[in-house]
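Me: I'm new to this one and curious about the empty spaces inside it. Can we go through them together?

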Amino acid sequence: MEQVPTSVLSDDPCHLGEGPTYDVTTDTAWWFDIREGRLFEAQLGSGSIRVHALGRMASALGRIDAERQLIVAEDGLYIRKLADGAMTLFCPLEADNPATRSNDCRVHQSGTFWIGTMGKKAEPKAGAIYALHRGKISTLFPGISIPNSICFSPDGAIGYFTDTARAVLYAVPLNPATGLPRGEPEVLLRHTGIGGLDGSVCDADGNIWNACWGASRIDVYSPQGERLRSLSVPAKQASCPAFVGSDLSRLLVTSAWQDMDAAGRAADPQAGCTFLLEASARGRAEPRRQARIGDRRQPTTTFSTK
């Protein structure tokens, strides 16, 4: 286990931290507290952090343009204006099923958004992985219990995902131009030992950086599934990583205090904090062609988060 220089970016503990992403053009990191319906916005240069109340569980975002984001929430996809936080329903997703919510998601280089859903109590096979492609949603992989580790190879030709409950990381061949599968998922690796596969991100070399939930670490795997490194995280339930900084060499890691009783939280005092690891990584920026929403007509339902 490597002990790399680590600092606390935010000591506001997340019930369930998830969905970190980074905009290199504005030096801004974003992440969510799913259970509490909060969106964090951190200006890394100044250290300034704002917390936005969303009014519902949400887990991920994609950049539409300089003024708008696409927010993935428990009942659908919303367009959020950065200027005032106002959110407009773009399209519902499992809105007729109050037992589910969104979880791990990521935007492919083509602009196609992979979106995972799951049961709010992690009910077996209650969720799925969807693709938002050119304004339309299709089901990619049904019967998922806990979707995680959605990420893509640097050339966009391979997609990765896991069902944490199955302890397997899958690799699936993709059409790089669309981000859609052109073959069946194959097992890349099987997780054994302490913890479980949670959120992942690919670096510039195609290595997969995975947050190992319950094991206080980030594991780095080669594209062939060989474990290359393990980095210590000062919270037991690390949940998802993202590359940040001007050279993308640092790793932002979210964590959670979910399912911990008082004694558990006392034993893990930084549970839920958000960390910066000096990982000496060759990270990769989020694609600029993010969250392509196509020409879909937008509903008029609007609400403000202020």
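Reply: Sure. One bit of vocabulary to start: Ala, Val, Leu, Ile, Met, Phe, Trp, Tyr, Cys and Pro count as nonpolar, Asp, Glu, Lys and Arg as charged, and the others, Gly among them, as polar. And keep in mind that this is a predicted model.

Me: With those classes, how does the lining of the largest cavity divide?

Reply: The largest cavity holds about 120 Å³ of space. Its lining has 14 residues, with Pro20, Thr21, Leu61, Cys105 and Arg106 nearest the centre. β2 (17-23), β6 (58-63) and β10 each give two or more residues to that lining. Sorted by class, the lining comes out as seven nonpolar, three polar and four charged.

Me: Which elements supply at least two residues each to the lining of the second largest cavity?

Reply: That cavity has about 90 Å³ of space. Among the residues lining it are Arg106, Val107, Cys151, Phe152, Val201 and Cys202. The elements giving at least two residues each are β10, β14 (147-152) and β19.

Me: And the largest pocket: which residues are closest to its centre?

Reply: The largest pocket has a volume of about 280 Å³. It is lined by 19 residues, and β10 (100-107), β11 (113-119) and β19 (196-202) each put in at least two. By class, that lining splits into five nonpolar, seven polar and seven charged. Closest to the centre are Met118, Ile146, Asp198, Trp213 and Gln258.

Terms used: Residues are numbered from 1 along each chain as its sequence is written. This is a predicted model: local features need pLDDT of at least 70, side-chain atom pairs count only at pLDDT 80 or more; totals for chains, interfaces and linings use all residues. Side-chain values use heavy atoms; hydrogens and water are left out. On a 1 Å grid over the protein atoms alone, a cavity is a set of points where a 1.4 Å probe fits but cannot get out, and a pocket is an open set with protein on both sides within 12 Å along at least five of seven lines; lining residues have an atom within 4 Å of a point. Grid points are joined across faces, edges and corners, and a volume is the space filled by probe spheres set on the points. Helices (H or I, at least four residues) and strands (E, at least two) are DSSP runs, numbered from the N terminus.
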